[in-house]
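Hello,

Here is the structure I promised to pass on. Please open it and keep it beside this email as you read.

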Amino acid sequence: MDGFRAPQTLTPDELGDTLARLVWESFSDFVANGDAEASLEELGVETEDGLPPSQVAEEALIFLMWAHTRGTQRAFVGRAEEPLIRGGLDSLHKAIFDDMIEQGTPEAQLPLFEARVGARYSEYNSAAADSDSELSRVALRYLTGGVVETTDQKATAVLDRALAVARPLEDFLEEVKLVEA
């Protein structure tokens, strides 16, 4: 969000498009080893030529979609009507799914991915309601395929990544007013 200034008003579709772009930027940063608090390898994820297996990449995308969704919901609490927020989040998800199809994901696989998104969101929401620590442990389990030992250090690194998304997003969205199209 560096250098990116939000307009004073956004429609739900504009919000969704903006959020989708931010999710993809976060995803690129997440899988890149350069700026991450802890690289995927340090979390115990085996990579090939610096890229994680597709299952891990999909789990990272889901986690970042959830972090943006939650950050958006928190940013607009008491400031926007629920249908406008929901419309923006629906637009975010549609944009991500459309991008996936554009990049070669077979359309027939999308319903399975959407079902996984719903299941993860439910689990992440439940874990986040428990504690940040529980959220980071659940996310780490999915990001590593459950085959890596969860340590406090690794869980903290995952939590730091989620907070690195959510906090600036909430600040960014403080300046935005959602309006009908």
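Below are notes on a helix pair, a salt bridge and a pocket.

Please remember that this is a predicted model.

Start with helices H4 and H5. H5 covers residues 132-143. The two helices pack at an angle of about 150 degrees. Their axes are 7 Å apart. Angles over 145 degrees count as roughly antiparallel, so that is the word for H4 and H5. On the H4 side, the contact is made by Arg120, Glu123, Tyr124, Ala127, Ala128 and Asp130. H5 brings Glu134, Leu135, Val138, Ala139, Arg141 and Tyr142. By class, this contact has seven nonpolar and five charged residues, and no polar ones.

Next, the salt bridges. A search of the whole structure finds seven. One links arginine 116 with glutamate 59. Their closest N and O atoms are 3.2 Å apart. Arginine 116 sits in H4 and glutamate 59 in H2, so the pair ties together parts that are 57 residues apart in sequence.

Last, a pocket. The second largest one has a volume of about 340 Å³. It is lined by 15 residues. Which of them are closest to its centre? They are Ser54, Glu58, Leu61, Met100 and Thr105. Three helices each give two or more residues to this lining: H1 (12-31), H2 (54-76) and H4 (110-130). The lining divides into nine nonpolar, four polar and two charged residues.

Best wishes

Terms used:
Residues numbered from 1 in each chain as written. Predicted model: local features only at pLDDT ≥ 70, side-chain atom pairs only at ≥ 80, totals over all residues. Heavy atoms only, no water. 1 Å grid on protein atoms, 1.4 Å probe; cavity = no way out; pocket = protein on both sides within 12 Å on 5 of 7 lines; lining within 4 Å. Points joined across faces, edges and corners; volume = space filled by probe spheres on them. Helix = DSSP H or I, 4+ residues; strand = E, 2+ residues; numbered from the N terminus. Nonpolar A, V, L, I, M, F, W, Y, C, P; charged D, E, K, R; others polar. Axes fitted to C-alpha atoms, helices over the stretch in contact; angles between N-to-C directions. Parallel < 35°, antiparallel > 145°, perpendicular 65-115°, else oblique. Contact = heavy atoms within 4.5 Å. Salt bridge = Lys/Arg side-chain N within 4 Å of Asp/Glu carboxyl O.
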